[in-house]
Amino acid sequence: MEALLREMEDYGARHHVPIINAQARSAFCRILREERPHRALELGTAIGYSALLMAMLGADDIEIQSMELNEERAAAAREFIRRSPYKDRIVVMSGDAEKLLEDVRGPFDFVFLDAAKGQYGRYFRRILPLLSSRAVVVADNVLFRGYVRSEEKPPRRYKTIVKRLREYIELVNHTPGFVTEILEKGDGLAVSRRNGAC
Ligand code: SAM
């Protein structure tokens, strides 16, 4: 697996495909080792790198559904996954995550939000009914280049995304039954744990 993951990192760098960065990756892997999920959902597959991490570190019987808008990336992900020992554990779905979510059945005990950053709030509302009572939802890039927690005004082009990410953090912090921790790793990870009370 190490050689395949290195090949994917090279592919990502050569083709300008963003994959979870090294700092966020170590926190992500730690959470997976702790949680060992059985049914995982990912929004934003890219080339399948984080999906393979979930497969490697989740429970032995893990099943993963992962969604990717870009057809070329989805095809590359399927090919990398086919070459891994986890080809029967991961399904890559092509299309817009929000639309695809209409046809997905839960429950999921682990969700990784890593598609359109401005849509995290909408994704979270959509996945809520699909979560198990002890589910963990991890969202990447929630501190977006440091702007989300900064007093400084973000550049115009990032205004909306920063506003939406702040709204996402508000939403998860105020959703009953969840406890959220923001990890300042990489571009920021929000880890929302359902505590089973609701
Ligand atoms: N999770 C991947 C990893 O760490 O290996 C990286 C995902 S990358 C940061 C974000 C991906 O989300 C991109 O490949 C992009 O095409 C995809 N994406 C963006 N908007 C999307 C949408 N509306 N539905 C599904 N995928 C989307």
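Q: Helices are DSSP runs of at least four residues and strands are runs of at least two, numbered from the N terminus; between which such elements is Pro107 found?
A: In this predicted model, Pro107 is found in the loop that runs between H5 and strand E4, the latter spanning 108-113.

Q: What makes the peptide bond from Gly106 to Pro107 stand out?
A: The bond is cis, and its omega angle is near -5 degrees.

Q: Why is Glu98 called buried?
A: Buried means under 20% relative accessible area, and because Glu98 has 14% relative accessibility, it counts as buried. This residue lies in helix H5, which covers residues 97-100.

Q: What makes the pairing of the Glu98 and Arg122 side chains a polar contact?
A: A polar contact requires a pair of N or O atoms within 3.5 Å, one able to donate a hydrogen and the other to accept it; the side chains of Glu98 and Arg122 make such a contact at 3.0 Å.

Q: Why does Arg36 count as partly exposed?
A: Partly exposed is the range between the buried limit of 20% and the exposed limit of 50%, and Arg36, at 40% relative accessibility, therefore counts as partly exposed. Arg36 lies in the loop between helix H2 (22-35) and strand E1 (39-43), and its phi is positive, at about 40 degrees, although the residue is not a glycine.

Q: Why is Phe144 called buried?
A: The relative accessible area of Phe144 is 9%, and the cut-off for buried is under 20%, so Phe144 is buried. Phe144, which is not a glycine, also has a positive phi, of about 25 degrees, and its place is in the loop between strand E5 (131-140) and helix H7 (159-173).

Q: What makes Val137 buried?
A: Val137 has a relative accessible area of 0%, and since buried means under 20%, Val137 is buried. Val137 lies in strand E5, and its C-alpha is 23 Å from that of Thr160, a residue 23 positions away in sequence.

Q: Why is H3 described as largely enclosed by the rest of the structure?
A: Eight of the nine residues of H3 are buried, so the helix is largely enclosed by the rest of the structure. The buried residues of H3 are Tyr49, Ser50, Ala51, Leu52, Leu53, Met54, Ala55 and Leu57.

Q: Which elements each supply at least two residues of the shell around the ligand?
A: Helix H3 (49-57) and strand E2 (63-68) each do so. Of the 22 residues around the ligand, Gly44, Ser50, Glu68, Asp96 and Asp114 come nearest, and by class the shell has 12 nonpolar, five polar and five charged residues.

Q: How do you know that the side chains of Ser50, Arg73 and Asp114 make polar contacts with the ligand?
A: The limit for a pair of N or O atoms is 3.5 Å. A ligand nitrogen atom is 2.8 Å from an N or O atom in the side chain of Ser50, an oxygen atom of the ligand is 2.8 Å from one in the side chain of Arg73, and a nitrogen atom of the ligand is 2.8 Å from one in the side chain of Asp114. Each of these distances is within the limit. The protein covers 89% of the 610 Å² of accessible area that the ligand has on its own.

Q: In which pocket does the ligand sit, and what makes a molecule count as sitting there?
A: The ligand sits in the largest pocket, a wording that requires more than half of the atoms of a molecule to lie within 2 Å of the grid points of the pocket.

Key:
Residues numbered from 1 in each chain as written. Predicted model: local features only at pLDDT ≥ 70, side-chain atom pairs only at ≥ 80, totals over all residues. Heavy atoms only, no water. Near = heavy atom within 4 Å. Areas by Shrake-Rupley, 256 points an atom, 1.4 Å probe, with all protein chains shown as cover. 1 Å grid on protein atoms, 1.4 Å probe; cavity = no way out; pocket = protein on both sides within 12 Å on 5 of 7 lines; lining within 4 Å. Nonpolar A, V, L, I, M, F, W, Y, C, P; charged D, E, K, R; others polar. Buried < 20%, exposed > 50% of the residue type's maximum accessible area, 1.4 Å probe, protein only.
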